[in-house]
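Visitor: I would like to understand how the labels given to aromatic rings are justified. Could you take me through them step by step?

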Amino acid sequence: MSDHNIPIKIEAIDISKEFIDDKKKVLALDHLNLQMKAGDFNVIVGPSGCGKSTFLYMLAGFEKPTTGQVILNGEEVTKPGPDRGIVFQEYALFPWRTVIGNVIFGLERAGVNNKEAQETAQYYIDLVGLTGFEKAYPHTLSGGMKQRVAIARALAYHPDVLLMDEPFGSLDAQTRKIMQRELTHLWMEIGIAEEQKTLVFVTHSVIEAVYLADRIFVMTDRPGKVKGIVDIDLPRPRDYDSPEYLEKRSQVLQLLEEEVQKSISHKD
Ligand code: ADP
Ligand code: MG
């Protein structure tokens, strides 16, 4: 990929984050440095507890670094904003609102007029394959469907950056594969239909990372920093069994394995 002219969208400059947990200091991130390009599907993969969510929440503006800076579009992130849409592992839908009520929520808050909000919400509901379920309540939906609602809701107010924290982590293996495929299609469609978005997707699954990413940032064990970067320049949708896919997967696994070993050895 020749990338000299593509602007840097996201930058982590020497970020450290220390939490105080039960009077004990926990260093979650230690001198994390990275750059993400505009329009890329970025995946962060790393052992459990290495600070992936912490970094994502900093990008979202929910957490502040102890030292260092998070830069978005050349400016320091200091608070949440509508330029960033978020999808969490847990569905985080409003149980008292219907599917369309959930998707429309941010638009209503932003003061978008009702007709336009309805049309936009419907567009994204269709895009994620939930046509016909507009009036359903979350408790009647499967896990995969709930995550589609969360994705539609995040996309509906046209964020520039989409942040996803292990969004398929609670799904069974088969649904997870379906969602990976659908997110790939969504990503290809969004790339054509709309201005390019930048995606930051956190997972601890290497299989998922290599299937989805343009670029994978492999993190070290806690305290997290970037251990290595692997570019995945394979055409989409990808084939989990192709030799090219398997080669990339083993490259990422190799980087990660050592870190996971360390992570296991200090957990009780
Ligand atoms: P990951 O998402 O990679 O699994 P996290 O970013 O959630 O990891 O957490 C990194 C480390 O920081 C963990 O040791 C976790 O326990 C700790 N941590 C995260 N958030 C807090 C918090 N609010 N208070 C105390 N410790 C925290
Ligand atoms: Mg996490």
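Guide: Let us begin with burial, keeping in mind that this is a predicted model. Phe-41 is buried, and Trp-187 is buried as well.

Visitor: What makes the pair of Phe-41 and Trp-187 edge-to-face?

Guide: The ring centres of Phe-41 and Trp-187 are 5.1 Å apart, and rings pair if their centres lie within 6.5 Å. The angle between the planes is 70°, and because planes over 60 degrees apart count as edge-to-face, the pair of Phe-41 and Trp-187 takes that name. This pair links distant parts of the chain, since Phe-41 belongs to strand E3 and Trp-187 to helix H5, 146 residues apart.

Visitor: Why is the pair of Phe-94 and Phe-105 called tilted?

Guide: The centres of Phe-94 and Phe-105 lie 4.6 Å apart with the planes at 55°; stacked needs under 30 degrees and edge-to-face over 60, so the pair is tilted. Phe-94 sits in the loop between strand E6 and helix H2, whereas Phe-105 is in helix H2.

Visitor: Why is Phe-105 described as partly exposed?

Guide: The relative accessible area of Phe-105 is 23%, and because buried means under 20% and exposed means over 50%, Phe-105 falls in between and is partly exposed.

Visitor: Which residue lies over the face of Tyr-240, and how far is it from the ring centre?

Guide: Lys-177 lies over the face of Tyr-240, at 4.2 Å from the ring centre, which fits the distance cut-off of within 6 Å. Likewise, Arg-153 lies over the face of Phe-94, at 5.3 Å from the ring centre.

Note on methods. Residues are numbered from 1 along each chain as its sequence is written. Chains are lettered from A and ligands numbered from 1 in the order in which they are written. This is a predicted model: local features need pLDDT of at least 70, side-chain atom pairs count only at pLDDT 80 or more; totals for chains, interfaces and linings use all residues. Side-chain values use heavy atoms; hydrogens and water are left out. Rings of Phe, Tyr and Trp (its six-membered ring) pair if their centres lie within 6.5 Å; planes under 30 degrees apart count as stacked, over 60 as edge-to-face and the rest as tilted. Helices (H or I, at least four residues) and strands (E, at least two) are DSSP runs, numbered from the N terminus. Buried means under 20% relative accessible area, exposed over 50%, partly exposed in between (1.4 Å probe, protein chains only). A charge sits over a ring if NZ of Lys or CZ of Arg is within 6 Å of the ring centre and within 35 degrees of the ring normal.
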